[in-house]
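User: Please take a close look at one part of this model and explain it slowly, as I am new to reading structures.
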Amino acid sequence: MSEASHISTTHLRAGHDSHTPAPQSTVLRYRDMLREPFAEFLGVAILVIFGAGVNCQVLLSSDSGVSSSPKGDYLAVSFGWAVGLCLGVWVSSGISPAHINPAVSFYTLALSRVTLAMATWRRFPWKKVPSFIFAQVLGGFVGAALVYANYFHAIDIFEGGAGVRTLKTAGVFGAYAVDYLTDVSAFFSEVLGTAVLVLVIVATTDKKSSAPAPGYFPLVIFIVLLGISSSLGMQTGFALNPARDFGPRLLSAAVGYPSSVFTFRHQYWLWTGILAPIVGAQLAVALYDIFLYKENDSILIKFGNETILSTAVRDKPETV
């Protein structure tokens, strides 16, 4: 073989190799599979660290044995949760859709946070839903565990003894309704709050709407959650998110809180902490998609196009 033909063959082989993707190792394949769920995990963990953290600081510092003066009030709680959600979305949105909420994951938009509603209305892949929800709940559990590790001495003082755990402090991890609120009203409050949250999300991520500049969507989330918590959150603790409530509630049961964290008001955790946010998210996306949304990822647009196509095929005259 001549030197010229050897160079030519080598060059062609190199060119071929440059267009052939290198085989991934098993570790890298699993890493790629886990990137999106792990981003959801981190997003919820950050949300709960700030949210449950501010709950602990405001409640526990009201005891003079914990702090010489109170460190915050309800406004601080509103800001803490809003900051946590904003930063959680910012951390995860570059990798995953940043749902950070199983109610939203059943819904998907890039940069939204509603998994179930996005799967139902925006053709978010259903096969991703289980891993997203598991990661979100685990993120809530781990975030709450870190907050508990940071504050358990103060909880001991507030409760009146080492290892004493009652509903007096359980509310720093899970959401509980005030005594005067009926079960139906508590359900309605969570549906309303979640619907407002998701309606703002789908409106501000609609390409045909006045969407914020790239990278600024988390600021919208900060404003809307601050508004909801300040205006609608007093009576139920504004769960709005099954992962934010169920994950920390599991942690509270694991560290010695009584079974009443789950039996409170006949499984309040289920119908107000999980079902109400799912219903609210579904209603919000349904309302927006039926009357306003026009992108092709809507199931309504897909259904309409398929109906038009099937009608055209049926009415097409046969050729001889």
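How do the residues of the lining of the largest pocket divide into nonpolar, polar and charged?

Analyst: The lining of the largest pocket divides into 15 nonpolar residues, six polar and two charged, where Ala, Val, Leu, Ile, Met, Phe, Trp, Tyr, Cys and Pro count as nonpolar, Asp, Glu, Lys and Arg as charged, and the others, Gly among them, as polar. The model is predicted, so local features need pLDDT of at least 70 and side-chain atom pairs count only at pLDDT 80 or more, while totals for chains, interfaces and linings use all residues. Residues are numbered from 1 along each chain as its sequence is written, and side-chain values use heavy atoms, without hydrogens or water.

The protein chain holds 13 helices and one strand (DSSP runs of H or I with at least four residues, and of E with at least two, numbered from the N terminus). Along the sequence the pattern is α-α-α-α-β-α-α-α-α-α-α-α-α-α, and of the 320 residues, 46% count as buried, that is, under 20% relative accessible area with a 1.4 Å probe.

The largest pocket (on a 1 Å grid, an open set of points with protein on both sides within 12 Å along at least five of seven lines, lined by residues with an atom within 4 Å of a point) is lined by 23 residues, and Asn55, Gly171, Val172, Gly174 and Gly237 lie nearest its centre. Helix H2 (26-60) and helix H3 (74-92), together with helix H7 (167-170), are the elements that give two or more residues to this lining. The volume of the largest pocket, which is the space filled by probe spheres set on the points, is about 490 Å³.

The second largest cavity, a set of points where a 1.4 Å probe fits but cannot get out, has a volume of about 30 Å³. Its lining consists of Ser189, Glu190, Gly193, Ile228, Leu232, Gly233, Thr236, Phe238 and Leu240. Helix H8 (183-204) and helix H9 (217-232) are the elements that give two or more residues to the lining of this cavity, and H8 gives the most, with three residues. The residues around the second largest cavity divide into four nonpolar, four polar and one charged; the charged one is Glu190, while Ile228, Leu232, Phe238 and Leu240 count as nonpolar, and Ser189, Gly193, Gly233 and Thr236 count as polar.

Terms used
Buried < 20%, exposed > 50% of the residue type's maximum accessible area, 1.4 Å probe, protein only.
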